[in-house]
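Subject: Structure handover

Hello,

Here is the structure I promised to pass on. Please open it first, then read my notes below.

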Amino acid sequence: MRWKLLIAAPLLASAIGAGAVLAIIRFALGSASRVAEPGWPILVNLLLPLASIVFAAVFVYRHTARRRTLQATATALLSILLTLGALLAASYFLAPRASPPTDAPLPNNTT
């Protein structure tokens, strides 16, 4: 097996796929709330990671001599997991946070 290829291809595919989705959400749409609207954003946000994963799997399939299908499948599965992980991590870290409470004076309890 070509371990370097099985590590580098999924990492690159997930970085390209997740990076493209995050760039579209951040710069083209302005916010993540517009992604839920029907239309081209949903289609593009699904097709870009899928295209990068398929390209990585085909690349590994064409550049290995033995056990091609096993290595291509492993590349595709690892790319899917890394892409989902990157998107979930980005949604966690880039989510808007609630502002901290202000220092309001406490009410006087005179009982």
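I started with one side chain: that of Thr 64 reaches the backbone oxygen of Val 60 at 3.0 Å. Bear in mind throughout that this is a predicted model.

Where does Thr 64 sit? Its place is in the loop between α2 (40-62) and α3 (68-93). Is Thr 64 buried or exposed? Thr 64 has a relative accessible area of 4%, so it counts as buried, the cut-off being under 20%. Which residues does Thr 64 touch, leaving aside neighbours within four places in sequence? They are Arg 2, Leu 5 and Gln 71.

Now the overall layout. The chain has three helices and zero strands. Along the sequence the pattern reads α-α-α. There are 111 residues in the chain, and 26% of them are buried. Take the contacts between residues at least 6 apart in sequence: 62% of these join residues at least 24 apart.

Next, the second largest pocket. The volume of this pocket is about 170 Å³. Both α1 (3-29) and α2 supply at least two residues of its lining. Which helix gives the most to that lining? It is α1, with seven residues. The lining includes Lys 4, Leu 5, Ala 8, Ala 9 and Leu 12. Ala 13 and Ile 16 are also among the lining residues, as are Ser 52, Phe 55, Ala 56 and Phe 59. Note that Leu 5 comes up twice: it is in contact with Thr 64, and it lines this pocket.

Then the rings. The count of aromatic pairs comes to two. One of them is formed by Tyr 92 and Phe 93, with centres 5.1 Å apart and planes at 75°. That pair is edge-to-face. Are the two partners buried or exposed? Tyr 92 has a relative accessible area of 53%, so it is exposed. Phe 93 is at 62% relative accessibility, so it counts as exposed too. The cut-off for both calls is over 50%.

One more ring to look at: Tyr 61. Arg 68 lies over the face of Tyr 61, at 5.3 Å from the ring centre.

If you have time for a single view, centre it on Thr 64. You should find the side chain reaching the backbone oxygen of Val 60, and Arg 2, Leu 5 and Gln 71 in contact with Thr 64.

Best wishes

Conventions
Residues are numbered from 1 along each chain as its sequence is written. This is a predicted model: local features need pLDDT of at least 70, side-chain atom pairs count only at pLDDT 80 or more; totals for chains, interfaces and linings use all residues. Side-chain values use heavy atoms; hydrogens and water are left out. Helices (H or I, at least four residues) and strands (E, at least two) are DSSP runs, numbered from the N terminus. Buried means under 20% relative accessible area, exposed over 50%, partly exposed in between (1.4 Å probe, protein chains only). A polar contact is a pair of N or O atoms within 3.5 Å; within protein, one must be able to donate a hydrogen and the other to accept it, and residues adjacent in sequence count only if both atoms are side-chain atoms. Contact means heavy atoms within 4.5 Å. Rings of Phe, Tyr and Trp (its six-membered ring) pair if their centres lie within 6.5 Å; planes under 30 degrees apart count as stacked, over 60 as edge-to-face and the rest as tilted. A charge sits over a ring if NZ of Lys or CZ of Arg is within 6 Å of the ring centre and within 35 degrees of the ring normal. On a 1 Å grid over the protein atoms alone, a cavity is a set of points where a 1.4 Å probe fits but cannot get out, and a pocket is an open set with protein on both sides within 12 Å along at least five of seven lines; lining residues have an atom within 4 Å of a point. Grid points are joined across faces, edges and corners, and a volume is the space filled by probe spheres set on the points.
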